[in-house]
Amino acid sequence: MRTVLITGGSRGIGAATARAFAKNGDRVIINYQSKQQLAEALAKELGGIAIRADVSDKGQVRAMLEQIGGVDVLVNNAGFAQFAMFDALSDEDWQRMLGVTLSGAFYCIQGVLPHMIHQKSGAIINVSSIWGITGSACEVAYSTAKAGLIGMTKALAKEVGLSGIRVNCVAPGAIETDMLSCFTAEDMDALKEETPLSRIGNTTDI
């Protein structure tokens, strides 16, 4: 049985991913930062464990990993939407986005690598976004952080591949999650038109 850690796993893509791994017979650890009730309910449903930790805080990540033990599969899914004109972004907005998305992945990967290297196997999956490839107006910080995850994935895959560790990245398009809750019906129609399948994706697609 593998131990799978999913950051930001209480809802959306994270929750669907947790269900997929649990169905496969894996031990699922659901990390959350604020959605305690959702995370604990999901953990109970799947026979897993919910652990609170702000992944942008290295100390909290270390404490979480000490509680878990060795991790065989890490899914760096923690993230949040942020819509703002570039010149309206505050230092706090910018640092929070990079802290959760990039530093969070960095801290979690550094924490799980020793176990993976020792056993010469493991998988790291970084959840980016189509905006990390194409960019999106009014989402510069988000696009920047997600692009950084793609670069991290490419470089790290080359560094740890000989140790039997796979590093991959998934870059979803528009997916039916809370992140789209502020979009109007017209916005949703426009997103559908830009999608080859002419529909908004759902979490199980990912």
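## A first look at this protein chain

Let's start at the surface: about 10,800 Å² of the protein chain is exposed, and 52% of that comes from carbon and sulfur atoms. Keep in mind that what you're looking at is a predicted model.

**The overall build**

So what is the chain made of? There are 7 helices and 6 strands in the protein chain. Walk along the sequence and they come in the order β-α-β-α-β-α-β-α-β-α-α-β-α. The radius of gyration is 17 Å, close to the 17 Å that the globule rule gives for 206 residues, so the protein chain is as compact as a globular protein of that length. Along its principal axes, the C-alpha trace spans about 50 × 35 × 30 Å.

Here are a few shares, side by side:

| Item | Value |
|---|---|
| Buried residues, out of the 206 residues in the protein chain | 42% |
| Residues 24 or more positions apart, out of contacts with a separation of 6 or more | 65% |
| Carbon and sulfur atoms, out of the exposed area of about 10,800 Å² | 52% |

Charges are worth a glance too. The protein chain has 18 positive and 21 negative charges, and the mean positions of the two sets are 11 Å apart.

**Inside the chain**

Now for the interior. The largest nonpolar core holds 23 residues, and Leu 5, Ile 68, Leu 74 and Ile 124 have the most contacts inside it. Helix 3 (58-68), helix 4 (91-119), helix 6 (140-160) and strand 6 (165-170) each chip in with at least two residues of this core. Which of the helices gives the most to this core? That's helix 4, with 6 residues. Another core, of 16 residues, lies apart from this one, and Val 4, Ala 18, Phe 21 and Leu 42 are among its members.

Ile 124 makes a good spot to zoom in. Leaving out residues up to four places away in sequence, Ile 124 touches Leu 74, Asn 76, Ile 109, Leu 113, Met 116, Leu 156, Ile 165, Arg 166, Val 167 and Asn 168.

**A stop at Ala 53**

Where does Ala 53 sit? You'll find Ala 53 in the loop between strand 3 (49-52) and helix 3. Is Ala 53 buried or exposed? Its relative accessibility is 1%, so Ala 53 counts as buried, the cut-off for buried being under 20%. Again leaving out residues up to four places away in sequence, Ala 53 touches Asn 31, Tyr 32, Gln 33, Gln 60 and Met 64. As for Ile 117, which is 64 residues from Ala 53 along the chain, the C-alpha atoms of the two are separated by 24 Å.

Terms used. Residues are numbered from 1 along each chain as its sequence is written. This is a predicted model: local features need pLDDT of at least 70, side-chain atom pairs count only at pLDDT 80 or more; totals for chains, interfaces and linings use all residues. Side-chain values use heavy atoms; hydrogens and water are left out. Helices (H or I, at least four residues) and strands (E, at least two) are DSSP runs, numbered from the N terminus. The radius of gyration is taken over C-alpha atoms; the globule rule is 2.2 Å times the number of residues to the power 0.38. Buried means under 20% relative accessible area, exposed over 50%, partly exposed in between (1.4 Å probe, protein chains only). Contact means heavy atoms within 4.5 Å. Accessible areas come from the Shrake-Rupley method with a 1.4 Å probe; for residues, only the protein chains shown count as cover. Lys and Arg count as positive and Asp and Glu as negative; His and the chain ends are not counted. The place of a charge is taken as NZ of Lys, CZ of Arg, CG of Asp or CD of Glu. A nonpolar core is a set of buried Ala, Val, Leu, Ile, Met, Phe, Trp, Tyr and Cys residues joined through side-chain atoms within 4.5 Å.
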